Amino acid sequence: MSDQQLNGSGIHDGQWYVVAFRNTLRPGHTLLKTIADQEIVFWRSQDGVHVQAASAVCPHWGGPLGEGAVAADGALTCPWHGWQFHGGRCRQRTGLKLPRYLAYDDGLLLWVRLPWNVEDVNEPPCQARPTGVRSFWFDVLIESDVYHVQENYLDFLHPAEYHTTVFNHCVHLGKEGDVNLVELGYRLPFRRTMMTRTRVWAPTPYQIRNEVYEGLGAGMVIESHLTPLAADRTLIHELYHVPARLAPRWIWPVARYFMQRSARTIRAEDALFAQRRYLLRSRGFVDGRGLPVNGRVAPYLDEWPESVDAKVAQQKLSRLMGKKAPSHY
Ligand code: FES
Ligand SMILES: [Fe+2]
């Protein structure tokens, strides 16, 4: 289902996505990414200041512009015939256009806006970053659509039951508008628990924000960005900002190691959760009713794609794209 629904639905028009951590694109280099099924090349000027983005398919014969060279004036050279592209035009064949995208470097993350209408400029919905913090970050690939990844972040019934090596307590305390107030207990040795309270919400259908306001790690902020690589593949970029007063320089490498380890454990478990939700939904699963659907036993997987129920399930899934998931508690 991926190609047509992502590209044909129009939900990506004007949408900004996080592409990568900014340090993966060095001055004078290119970076190739596939976002929403589109091959996009990013390149940074040799002085490191400007980032540009365009289709990675050379309009001439389709050369791989992701392997192109960055010239001193910021032009991108195709590796196949050496034609150069600058400002969306080819220098050797001026009638030849290269579709461009808007790109943005926010200091930690690299963003792109789809599709490539660069005339109408706006900025991505960056999350506010606290000052006086130490930060670490990592990314995780999940075989699920964005909606079910976000839904998993906003399901507050599962952490204590499911992430049992990290948590042993989770209570939804209430809501302030869209913001969930959540109490979490970190599991310690000898059946002890370390409590923390956090505000969790979805600023956009492609983000989650977590602000710890009480207890362990108070002042910490976690920003999560969900990028649809395809309809059924999502890349999460997660950034942790820890107040420097909580993690003095001498202890930071150790603290970061343990924090990152438990964060990765949680995300790996959540990946399985979101993958299963997406797979079941795409086979017609209905919350609270499950499979089979409408009194019929769902066909086996090889018959399923051709069935009427499969088409209905796909329509339902496509309607979730670009929507914020509700919280569950
Ligand atoms: S394919 Fe790019 S210049 Fe020919
Ligand atoms: Fe989780």
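Biologist: Which residue is the bridge partner of Val70 in β6?

Modeller: Leu76 is the bridge partner of Val70 there. The model is predicted: local features need pLDDT of at least 70, side-chain atom pairs count only at pLDDT 80 or more, and totals for chains, interfaces and linings use all residues. Residues are numbered from 1 along each chain as its sequence is written, while chains are lettered from A and ligands numbered from 1 in the order in which they are written.

Biologist: What makes β5 and β6 a pair?

Modeller: Strands are DSSP runs of E of at least two residues, helices are runs of H or I of at least four, and both are numbered from the N terminus. Two strands pair if DSSP finds at least two bridges between them. β5 and β6 (residues 76–77) have two bridges, in the antiparallel sense, so they meet the criterion.

Biologist: Why are β5 and β8 called edge strands?

Modeller: The open sheet has four strands in the order β5-β6-β7-β8, with antiparallel pairing. β5 (69–70) and β8 (89–90) each have a single partner strand, so one side of each lacks a neighbour in the sheet.

Biologist: What makes Leu25 buried?

Modeller: A residue is buried if 20 or more other C-beta atoms lie within 10 Å of its own, exposed if 12 or fewer, and partly exposed in between, with C-beta atoms placed from the backbone. Leu25 has 21 such atoms within 10 Å and is therefore buried. Its place is in the loop between β1 and β2. Leaving aside residues up to four places away in sequence, Leu25 touches Ala20, Leu31, Phe42, Arg44, Val51 and Leu110; contact means C-beta atoms, placed from the backbone, within 7 Å.

Biologist: Why is Asp37 called partly exposed, and Ala36 buried?

Modeller: Asp37 has 17 other C-beta atoms within 10 Å, so it is partly exposed. Ala36 has 21 C-beta neighbours inside 10 Å and therefore counts as buried. Ala36 is in the loop between β2 and β3 (38–44), as is Asp37. Phi is positive in Ala36, near 50°, and in Asp37, near 70°; neither residue is glycine.

Biologist: What makes the reach of α4 close to the expected span?

Modeller: The expected span is 1.5 Å times one less than the number of residues. α4 (residues 252–282) has 31 residues, with 45 Å expected and 43 Å reached from first C-alpha to last. Just after α4, Gly284 takes a positive phi of about 95°.

Biologist: Which elements cover the buried residues of α4?

Modeller: The cover includes β11 (133–142), α2 (146–153), β17 (233–243) and α5 (308–320). Among the buried residues of α4 are Arg267, Asp270 and Tyr278.

Biologist: What makes α2 mostly covered?

Modeller: Eight of its eight residues are buried, His148 and Glu151 among them. Their cover includes β15 (207–215), β16 (221–230) and α4.

Biologist: Where do the bounds of domain 1 and domain 2 come from?

Modeller: They come from an automatic or database domain assignment, which gives domain 1 (2–114) and domain 2 (133–280). Twelve residues from domain 1 and eleven residues from domain 2 make up the contact. α1 (2–8), β1 (15–21) and β2 (30–35) each give two or more residues to the domain 1 side. That side has eight nonpolar, three polar and one charged residues, where Ala, Val, Leu, Ile, Met, Phe, Trp, Tyr, Cys and Pro count as nonpolar, Asp, Glu, Lys and Arg as charged, and the others, Gly among them, as polar.

Key:
Contact = placed C-beta atoms within 7 Å.
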